[in-house]
Amino acid sequence: MTRQVKRPVRQADAAIFAAALLWSAPATAQSASGPLDFLGNIFKSSKADQTGSTAPGQSVSSGGALPWSGEDGASGHPLMTASAIREAAANFDNCIASMWPDAARRNIPQESFQRFTAGLTPDLRIMDLLDSQPEFTKSVWDYLDILVNDARLAKGREILATYKPQFDATERAYGVDRYIVAAIWGIESNYSTQMGDRSVLQSTATLACIGRRQNYFRNEFLSALEILHHGDLSVDQMRGSWAGAFGPTQFMPTAFKRYAVDADGDGRRNVVDDPADLIASTANNLKKDGWQTGQTWGYEVVVPKDFNYMLADRAKMMPLAQWEHLGLKRATGQAFPVSSEKAYLLAPAGAEGPGFLMLPNFRVIMKYNPAEAYALAIGHFADRLRGGQPFVQAWPRQERELSRAERLELQQLLAQRGFYRGTPDGQFGGETREALRSFQASIGAPADGFASAEMLDRLRRN
């Protein structure tokens, strides 16, 4: 599941940052690649990126897989220079051997350690994926169009019917909505059809020894060894994304250790091929992360034209009744079921798009993957599986997404005017949105934090 950048990174490859670059939170979820891993399952550039590997120091691979570019990483991190990568690759065997004492402390016998690490070679193509910085990102509406579609919904309903006994048992045991679990399964792997085909052991070993995330992935690699030694899964079953997420709902090895359960009592926690274990383990993850039984994730709302968007902040949790007092109404025209529930306002497309009041369960979904776009897709997909309708309000589809060069320029201009104090990197997180909102407020524009081409032009002129 993927995921740990609280648990750090979770599921993704290829054109990977896509929409998550616009709304990703600090990496803290289950994923090891967080939005990275997940988005790669959707926007991956080729099958080769899932399967390829290279020998130490090589920049050409065999079998049709894409090779490592041999270039410095885009992050500028000293461990991502081409020379540092080659040097670490040449020392790969020694790096793996150096982890034996840590493995022994985890009660992994030397025989198991040697058996599972014998013949391991680094997959240097992962270094390009780790530092991938796409030129363009996806808009939230394009992102939702890709993920929440008729074919995926039809398959989801089929899954819910086929495994109804397992979903029934899981809801009784964990109190987690079956439609949320089914939505995660559908969006993470398109119902087990896009799980990735890289060796989890090779991927985590590569990242544990090479590149800028070694400390984090050392734990993932050792956890993968524990899983294999205990016999829950085989090497062949542990295949997934370049960051090591595996199974239909994309567990990182450390997340598997924390949340996987043996729901059918067969002595193995099989989140890859066993539907009962898969469904229960995913629900257990959400439950332990704070899922509130009987509560939804949020509501689409109509925001009044004169609204103060400085209130659209994750830190500003207020009762639904208070939001109503400020003029927000459900887009469906219905009343809020429990007006005392607290929520925060999310306006992912700014003042020209729909608003959403997010309840605590939305934050739980974000722990699974720390991107607001991801959590919105999961919540909406779950509602559609339940029989709900598409969002009522239109998205501002006339708006175009800024290129990476334009995103960098926007951050630089905000910094020049004293609104942004971070390091411009072309990635829009909370700090950039706050800076943009402050600039918008200073010029009398709706302070919605939406980075439009028009707002970039205003920055250029002011």
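**Exercise 1. A lysine and its acidic partner**

Task: Find how the side chains of Lys 316 and Asp 313 meet, and say whether each of the two residues is buried or exposed in this predicted model.

Solution.
- Step 1. Lys 316 and Asp 313 meet through their side chains in a salt bridge, with an N to O distance of 3.9 Å. The cut-off for a salt bridge is 4 Å, so a distance of 3.9 Å is accepted.
- Step 2. Lys 316 has a relative accessible area of 32% and is therefore partly exposed.
- Step 3. Asp 313 has 16% relative accessibility, so Asp 313 counts as buried.

**Exercise 2. The salt-bridge network around Arg 178**

Task: Work out which residues share salt bridges with Arg 178 in one network, and where in the chain Asp 168 and Arg 178 lie.

Solution.
- Step 1. Salt bridges with shared partners connect Lys 164, Asp 168, Glu 171 and Arg 178 into one network.
- Step 2. Take the bridge between the side chains of Asp 168 and Arg 178: the N to O distance is 2.5 Å. Asp 168 belongs to helix α11 (residues 164-174) and Arg 178 to helix α12 (residues 178-189), so this pair ties together parts ten residues apart in sequence.
- Step 3. Arg 178 also forms a salt bridge with Glu 171, where the closest N and O atoms are 3.0 Å apart.
- Step 4. Check the burial. Arg 178 counts as buried because its relative accessibility is 13%, while Glu 171, at 27%, counts as partly exposed.
- Step 5. For the whole structure, the count of salt bridges is 24.

**Exercise 3. Classifying aromatic pairs**

Task: Classify the ring pair of Tyr 299 and Phe 336 and the ring pair of Phe 391 and Trp 395, using distances and angles.

Solution.
- Step 1. Two values describe a pair of aromatic rings: the distance of the centres and the angle of the planes. Ring centres must lie within 6.5 Å, and planes over 60 degrees apart count as edge-to-face. By this rule there are 15 aromatic pairs.
- Step 2. For Tyr 299 and Phe 336 the centres are 5.3 Å apart and the planes are at 70°, so the pair is edge-to-face.
- Step 3. This pair links distant parts of the chain: Tyr 299 is in strand β3 (residues 298-302), and Phe 336 is in the loop between β5 (329-330) and β6 (342-346), 37 residues apart. Both Tyr 299 and Phe 336 are buried.
- Step 4. For Phe 391 and Trp 395 the centre-to-centre distance is 6.3 Å and the angle between planes is 75°, which again gives edge-to-face.
- Step 5. Phe 391 is buried, with a relative accessible area of 17%, and Trp 395 is buried, with 12%.
- Step 6. Ring pairs join Phe 391 and Trp 395 with Trp 141 and Phe 356 in a cluster.

**Exercise 4. Strand β7 and its neighbours**

Task: Describe which strands β7 is joined to, and which way its residues point.

Solution.
- Step 1. β3 and β7 run antiparallel and are joined by four bridges. One partnership is that of Val 301 with Gly 355 in β7.
- Step 2. β6 and β7 also run antiparallel, with three bridges between them. Here Tyr 344 has Met 358 in β7 as its bridge partner.
- Step 3. β7 covers residues 355-358: Gly 355 and Leu 357 point one way, Phe 356 and Met 358 the other way, and all are buried.

**Exercise 5. Ser 199 in its surroundings**

Task: Is Ser 199 buried or exposed, and which residues does Ser 199 touch?

Solution.
- Step 1. Ser 199 is part of strand β1 (residues 198-199).
- Step 2. The relative accessibility of Ser 199 is 14%, so Ser 199 counts as buried.
- Step 3. Leaving out residues up to four places away in sequence, Ser 199 touches Met 238 and Arg 239.

**Exercise 6. The chain as a whole**

Task: State the secondary structure, the buried share and the exposed area of the protein chain.

Solution.
- Step 1. The protein chain has 22 helices and seven strands.
- Step 2. Of its 462 residues, 57% are buried.
- Step 3. The chain exposes about 17,600 Å², and carbon and sulfur atoms supply 49% of that area.
- Step 4. Among contacts between residues at least 6 apart in sequence, 70% join residues at least 24 apart.

Technical notes. Residues numbered from 1 in each chain as written. Predicted model: local features only at pLDDT ≥ 70, side-chain atom pairs only at ≥ 80, totals over all residues. Heavy atoms only, no water. Phe/Tyr/Trp six-rings, centres within 6.5 Å; stacked < 30°, edge-to-face > 60°. Helix = DSSP H or I, 4+ residues; strand = E, 2+ residues; numbered from the N terminus. Buried < 20%, exposed > 50% of the residue type's maximum accessible area, 1.4 Å probe, protein only. Contact = heavy atoms within 4.5 Å. Areas by Shrake-Rupley, 256 points an atom, 1.4 Å probe, with all protein chains shown as cover. Pairing = 2+ DSSP bridges.
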